[in-house]
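Have a look at the model below and keep it open while you read. We'll walk through the fold, the packing and the charged pairs.

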Amino acid sequence: MNFKDSKSIDLNKVYKEFRPIVSYKVRKTLGTYNPDWEDIVNEILTNVFEKLKAGDFRGDSAIGTFIYTITHRRIIDYIRQKSKVLRYIPEVNPFPDPVDNVEQKERAEKIAGLIKKLKPKYREILYLYYYKGLTRKEVAEQLGIPPRRVSELVNYSHKLLKKMLIK
Amino acid sequence: MKKKCYSSQEIDDYIMGRMDKEKRDHFEKHFFCCPRCFGEIQKREEIFLAIKSEGQKIFREEIQGKRSYQPSPLRKLLALLTPKEWAAVCSSAVLFLMIILAGTPHIKRETPQFFLNEDTVRGETINLISPIGEQKTPPLRFEWEKLDKTVEYTVYLFDSKNTLLSSWSTKNDYLEISEKTNIMLSPGNEYHWQVKAFSTRGTLTAVSMKKQFFIR
């Protein structure tokens, strides 16, 4: 999305495009279980709209960078506030748990079923790389293949799963 | 900020929390402006999270050690090059062979001669049934297995020195010889016989092996 300045901005488009990105960033940083994440996202977007209406976005940078800066600052403020109250930040879950709702759980089970159907060469890559968390170099050493080949197999596995999910 | 999109490896590093802070900040700034990279994050993260949450079910065999991944010698060999590189090597080899073959002068070799005679026949063979081996009396009947398309058979009788003594033609799969003819087969001697089959046009279609019989 390219906007030259605040006047040419369609707020509906901004909301539609950036809400998922802002939500993702907030949840990723603060953790999926954080009950405040949705409020913070709303605050950020409200702040963005106010600044856009006030003409604070002059088009010097991309609108994405502008929204990123606001998001980043708000997250830091939140962490500071919580630190004052709790004296420490509760450990953030680095990966949102897909089991946090039924829909995601079903989706995860569907993906799991599809992975089971993959050929062993793709399963082994996914097992070593994602499940065991080995680096590409470590996977390559274990399987006796070049690291570049590991990347190719990982990417091809994603491609296969994507195709299977569409079906 | 990096203008160019991030690689799938970098995206995985971000998802799996392997990116250092500085690079992570740059990447986050980038995907705020790049729907393509953000879409890629979401797709890859979905698979990653499914593996993390359902991994124990998906990889039960691997976790229990029932399935281990060790590279085979063939795999090690194949791993020396990527599929693209192998394809390039094969294409080069084919091109090289084509150049060699195109550059080789055409040498005229003597054309091989194929011929068909009474001893060399393509097609069926005739199995002889009797007489074979030792006989108490001179045989009056010669039998062989019938062929489907043959019209006429010729039976040849040879002495022990392979000299043709007599021949007969018949449309049956047996031949009965008269006692008069039979007189030439004397006890204590060895004989050979053979059957050849001919089509309606008189073409030789099948030949039997020469079989030997001995009269006591």
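Let's start with chain B, where residues 24 or more positions apart account for 58% of the contacts with a separation of 6 or more; contact here means heavy atoms within 4.5 Å. Before going on, some ground rules: this is a predicted model, so local features need pLDDT of at least 70 and side-chain atom pairs count only at pLDDT 80 or more, while totals for chains, interfaces and linings use all residues. Residues are numbered from 1 along each chain as its sequence is written, chains are lettered from A and ligands numbered from 1 in the order in which they are written, and side-chain values use heavy atoms, with hydrogens and water left out.

Chain B has seven helices and 10 strands. These are DSSP runs numbered from the N terminus, with helices being H or I of at least four residues and strands E of at least two. Of its 216 residues, 33% count as buried (buried is under 20% relative accessible area, exposed over 50%, partly exposed in between, with a 1.4 Å probe and protein chains only).

Now for the packing between chains. Helix 5 of chain A (residues 120-131) packs against helix 3 of chain B (residues 35-58) at an angle of about 100°, and their axes are 10 Å apart. That makes helix 5 of chain A roughly perpendicular to helix 3 of chain B. For the cut-offs, under 35 degrees is roughly parallel, over 145 roughly antiparallel, 65 to 115 roughly perpendicular and the rest oblique; axes are lines fitted to C-alpha atoms, for helices over the stretch in contact, and angles run from 0 to 180 degrees between N-to-C directions.

Which residues of helix 5 of chain A meet helix 3 of chain B? They are A:Arg123, A:Leu126, A:Tyr130 and A:Tyr131, and their partners in helix 3 of chain B include B:Phe48, B:Ile51 and B:Lys52. The residues of this contact divide into six nonpolar, two polar and three charged (Ala, Val, Leu, Ile, Met, Phe, Trp, Tyr, Cys and Pro count as nonpolar, Asp, Glu, Lys and Arg as charged, and the others, Gly among them, as polar).

Helix 3 of chain B turns up again inside the model. The largest nonpolar core has 67 residues, and those with the most contacts inside it are A:Val22, A:Val26, A:Leu52, A:Ile67, A:Ile115 and B:Phe31. A nonpolar core is a set of buried Ala, Val, Leu, Ile, Met, Phe, Trp, Tyr and Cys residues joined through side-chain atoms within 4.5 Å. Helix 3 of chain B gives the most to this core, with nine residues. Apart from it lies another core of 19 residues, among them B:Phe142 and B:Trp144.

On to charges: there are 20 salt bridges over all chains, each a side-chain nitrogen of Lys or Arg within 4 Å of a carboxyl oxygen of Asp or Glu. One of them joins A:Arg148 and B:Glu85 (3.1 Å, N to O), crossing from helix 7 of chain A to helix 6 of chain B. A:Arg148 is partly exposed at 48% relative accessibility, and B:Glu85 is partly exposed at 28%. Within chain B, B:Lys21 pairs with B:Asp25, the closest N and O atoms being 2.9 Å apart; both lie in helix 2, four residues apart, about one turn of the helix. B:Asp25 counts as buried, at 18%.

Finally, is A:Arg74 buried or exposed? A:Arg74, in helix 3 of chain A, is buried, with a relative accessible area of 16%.
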